Amino acid sequence: MGEQRLAGVVTFFRAGNLWGTLAAARARVPVASSRRSLGAGYWHNRRELLLLRGLNRGARLWVANSHAVADYTARAEGADARRIRVIPNAVDTSRFAPGPPGP
């Protein structure tokens, strides 16, 4: 069986975004990275954000679940805003509507 090469890497969540982006850079393959949080000191600390700013230069695409997350990713991580796609979380509001207020 011959050696196979990765076509790309898709990352998700904190560790995946860091280690997956680093692995993709080392393997010299494109990376598509998912963002689902505003971070704001919780998701990535300052050191991780600096690391992502460097690693994100090699990313080909980001997927964010809101425009606010897309804006944060561009601003905090230095992601190319033209390469961020927003795909909102899907919820069937006819089935999952808020109930009446509790006591």
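Is Arg82 buried or exposed? Arg82 is exposed, with a relative accessible area of 68%. This residue is a good way into the salt bridges of this structure, which is a predicted model.

Some background helps here. Side chains of opposite charge can pair when their charged atoms come close. In this model, the count comes to four salt bridges. Let us look at three pairs, listed with their N and O distances.

| Salt bridge | Distance between N and O |
|---|---|
| Arg14 and Glu48 | 2.4 Å |
| Asp80 and Arg82 | 3.0 Å |
| Arg83 and Asp80 | 3.7 Å |

**A bridge between helices**

The side chains of Arg14 and Glu48 meet in a salt bridge. Arg14 belongs to helix α1 (residues 13–27), while Glu48 sits in helix α2 (residues 46–55), so this pair ties together parts that are 34 residues apart in sequence. How do the two partners sit with respect to the surface? Arg14 is partly exposed, at 36% relative accessibility, whereas Glu48 is buried, with a relative accessible area of 13%. That value falls under 20%, so Glu48 counts as buried.

**A small group around Asp80**

Now back to Arg82. Its salt-bridge partner is Asp80, and Asp80 also forms a salt bridge with Arg83. At 36% relative accessibility, Arg83 counts as partly exposed. Through these shared partners, salt bridges join Asp80, Arg82 and Arg83 into one network. Asp80 itself is partly exposed, with a relative accessible area of 24%. For Arg82, the 68% is over 50%, which means that this residue counts as exposed.

Key. Residues numbered from 1 in each chain as written. Predicted model: local features only at pLDDT ≥ 70, side-chain atom pairs only at ≥ 80, totals over all residues. Heavy atoms only, no water. Helix = DSSP H or I, 4+ residues; strand = E, 2+ residues; numbered from the N terminus. Buried < 20%, exposed > 50% of the residue type's maximum accessible area, 1.4 Å probe, protein only.
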